[in-house]
Amino acid sequence: MTFRELAGVFQRIEQTSARNARTAILADLYARVDTEEAAQVTYLMQGRLVPKFVDLEFGVADRLLLAAISEAFGVEAHAVEAVFQECGDLGLTAEKFTSGDEVYLNITTVFSRLQVVAEAEGPGSQDRKVAGIATLLHDLDPCSNRYLPRIPVSRLRLGVGDPTLMDALSVARAGDKTDRRLIERAYNLTSDLGFV
């Protein structure tokens, strides 16, 4: 599945207020992705790349993401800052500067490239993080860029928590919420919803 398709799902969820409707959208998503993508999608919706007990953080803040947006689209930093001040959202800021010349990257490629950003350490790591995010933003479409910058700062703003994800996994697997207790038990034993 492409990240653009995933961003389209995020957009549908964002526009849906009813929890059961969000669960149905997520269940459809889980039914369409393969096993590896299911884990990756789950972690991304949690604003992570690994389970919560693994010590791997993105190590980026708003300022670094604004620098990445500036670099990605060759826009002066003050112009990016102005848009961010106006809308207050990193994703909407990136979306505004995105042209239509994107590459359709799959979820696994985007996930891997985000992993490289998160694992950057040592001297010059901040510059490598900016460059990695900038390249990724440059390669994505406007809708994808609405959601990608929100992931490293855990502000996806979809209104989807772990209980909704567990319900969606059950609906995708069993057609209803009957497997929810099994999924929750597995999650309680592993503390890793992506693995579950």
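## Buried residues of α6

Buried means under 20% relative accessible area. In this predicted model, the residues of α6 that are buried are Leu-90, Gly-91, Thr-93, Ala-94 and Glu-95. The elements that cover these buried residues include α4 (62–73), α5, α8 (125–139) and α9.

The N-terminal end of α6 is capped by Asp-89. A side-chain oxygen of Asp-89 lies 2.8 Å from the backbone nitrogen of Gly-91, and Gly-91 is itself one of the buried residues of α6.

## Asp-89 and Arg-150

Besides capping α6, Asp-89 forms a salt bridge with Arg-150, with 3.1 Å between the closest N and O atoms. The pair links distant parts of the chain, 61 residues apart. Arg-150 is in the loop between α9 (142–147) and α10 (162–174), and Asp-89 is in the loop between α5 (77–87) and α6 (90–97).

Asp-89 has a relative accessibility of 3% and therefore counts as buried. Arg-150 has a relative accessible area of 4%, so Arg-150 is buried too.

## Asp-167, Arg-180 and their network

A salt bridge also joins the side chains of Asp-167 and Arg-180, at 3.1 Å from N to O. This pair links distant parts of the chain: Asp-167 belongs to helix α10 and Arg-180 to helix α11 (residues 180–190), 13 residues apart. Both Asp-167 and Arg-180 are buried.

Asp-167 and Arg-180 are members of a network of salt bridges. The other residues linked in this network are Arg-19, Lys-177 and Glu-184.

## A pair within helix α2

The side chains of Arg-32 and Asp-28 meet in a salt bridge with an N to O distance of 3.3 Å. Both residues lie in helix α2 (residues 19–32), four residues apart, which is about one turn of the helix. An α-helix has 3.6 residues a turn, so residues three or four places apart point the same way. Side chains of opposite charge can pair when their charged atoms come close.

Partly exposed covers the range between under 20% and over 50% relative accessible area. Arg-32, at 40% relative accessibility, therefore counts as partly exposed. Asp-28 has a relative accessible area of 34%, so Asp-28 is partly exposed as well.

## Salt bridges in the whole structure

A search of the whole structure finds 15 salt bridges. Among them are the bridge between Arg-150 and Asp-89, the bridge between Asp-167 and Arg-180, and the bridge between Arg-32 and Asp-28.

Note on methods
Residues numbered from 1 in each chain as written. Predicted model: local features only at pLDDT ≥ 70, side-chain atom pairs only at ≥ 80, totals over all residues. Heavy atoms only, no water. Salt bridge = Lys/Arg side-chain N within 4 Å of Asp/Glu carboxyl O. Helix = DSSP H or I, 4+ residues; strand = E, 2+ residues; numbered from the N terminus. Buried < 20%, exposed > 50% of the residue type's maximum accessible area, 1.4 Å probe, protein only. Contact = heavy atoms within 4.5 Å. Polar contact = N/O pair within 3.5 Å; in protein donor to acceptor, adjacent residues only side chain to side chain.
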